Amino acid sequence: MLAEMTTGNAESLDVLADARVLLAPVRFGAGIKTKVLDAFWHGTPAVTTGVGSEGIGGAIGAWGGRGDANTAAEFADAAVELHEGREMWERCALRGRAILREEFSEEANLAVVETAVREYRASTP
């Protein structure tokens with residue numbers, strides 16, 4: 001059964017809460033792809049390319065979806081696998097939220113900033 005699909009720009013990110021999988025075939029770009037983090041925030045696993053998963057940690061097997069689908073065939077297979085595989089979907093949804101807590105929470109970012117400030121102070125006379 002083909003699920004309803006949202007394409008293009010959504011009026012609200014809340015559409016992600018009702019989505020089974022975010023498909024983000026990112027071919028180029030720099031920095032963290034926030035569309036993937038938005039999906040994780042809403043408990044929705046993602047399928048993206050290596051470029052789309054750059055800057056978002058976790059080993060591929062422990063990532064919040066599939067972040068290694070670099071060809072059309074890999075992307076299609078990953079999308080079906082994640083959409084249809086209940087256990088994998090649940091594991092990836094939980095892992096996506098864990099990645100947000102571990103790497104993108106206020107506490108995680110504050111610790112990085114505090115360390116940088118301490119190191120700077122220690123290195124300047």
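## Briefing: a predicted chain with a three-stranded parallel sheet

Confidence in the chain is highest in helix α2 (residues 72-84), at a mean of 94, and lowest in β3, at 86. This is a predicted model, so it helps to know that the chain as a whole has a mean pLDDT of 86, with 91% of its residues at 70 or more. The chain holds four helices and three strands. Welcome to a quick tour of how these pieces sit together.

**Overall layout**

- Read from start to end, the elements follow the pattern β-α-β-β-α-α-α.
- The C-alpha trace spans about 65 × 30 × 30 Å along its principal axes.
- The chain has 125 residues, and 34% of them are buried.
- If you look at contacts between residues at least 6 apart in sequence, 52% of them join residues at least 24 apart.
- A word of caution when reading the coordinates: where pLDDT is low, they should not be read in detail.

**The sheet**

- The three strands make an open sheet, ordered β1-β2-β3, with parallel pairing.
- Its edges are β1 and β3 (65-66), each of which pairs on one side only.
- β1 and β2 run parallel and are joined by three bridges.
- For a specific pair to look up, take Leu 23, whose bridge partner in β2 is Val 47.

**Helix α1 and what surrounds it**

- Helix α1 covers residues 34-41, and its buried residues are Val 36, Leu 37, Ala 39 and Phe 40.
- Those buried residues line one face of the helix, because they fall within an arc of 155° when seen down the axis of α1.
- The general geometry of helices is useful here: an α-helix has 3.6 residues a turn, so residues three or four places apart point the same way.
- On the face of α1 turned away from the buried side you will find Thr 34 and Trp 41, which are exposed.
- The cover over the buried residues of α1 includes β1 (22-24), β2 (46-48) and α3 (86-104).
- α1 lies across β1 and β2, and its direction is at about 170° to that of β1.
- After α1 comes Gly 43, which has a positive phi near 75°.

**Salt bridges**

- The whole structure contains five salt bridges.
- One of them pairs Lys 33 with Glu 54, with the closest N and O atoms 3.6 Å apart.
- That pair links distant parts of the chain, 21 residues apart: Lys 33 sits in the loop between β1 and α1, and Glu 54 in the loop between β2 and β3.
- Lys 33 counts as buried because its relative accessibility is 9%, under the 20% cut-off.
- Glu 54, with a relative accessible area of 38%, is partly exposed.
- Another salt bridge joins Arg 86 to Glu 90, where the closest N and O atoms are 3.1 Å apart.
- Both Arg 86 and Glu 90 belong to helix α3, and they are four residues apart, about one turn of the helix.
- Arg 86 counts as exposed at 61% relative accessibility, whereas Glu 90 is partly exposed at 36%.
- The side chains of Arg 95 and Glu 102 also meet in a salt bridge, at 3.2 Å from N to O.
- Glu 102 has a relative accessible area of 48%, so it counts as partly exposed.
- Arg 66, Asp 68 and Glu 81 are joined into one network by salt bridges that share partners.

**A residue of α3 to set beside Lys 35**

- Glu 103 is part of helix α3, and it counts as partly exposed at 29% relative accessibility.
- Glu 103 and Lys 35 are 68 residues apart along the chain, and their C-alpha atoms are separated by 16 Å.

How values were computed:
Residues are numbered from 1 along each chain as its sequence is written. This is a predicted model: local features need pLDDT of at least 70, side-chain atom pairs count only at pLDDT 80 or more; totals for chains, interfaces and linings use all residues. Side-chain values use heavy atoms; hydrogens and water are left out. Buried means under 20% relative accessible area, exposed over 50%, partly exposed in between (1.4 Å probe, protein chains only). Helices (H or I, at least four residues) and strands (E, at least two) are DSSP runs, numbered from the N terminus. The arc is that of the directions from the helix axis to the C-beta atoms. Contact means heavy atoms within 4.5 Å. Two strands pair if DSSP finds at least two bridges between them. Axes are lines fitted to C-alpha atoms, for helices over the stretch in contact, and angles run from 0 to 180 degrees between N-to-C directions. pLDDT is the predictor's confidence in each residue, from 0 to 100. A salt bridge is a side-chain nitrogen of Lys or Arg within 4 Å of a carboxyl oxygen of Asp or Glu.
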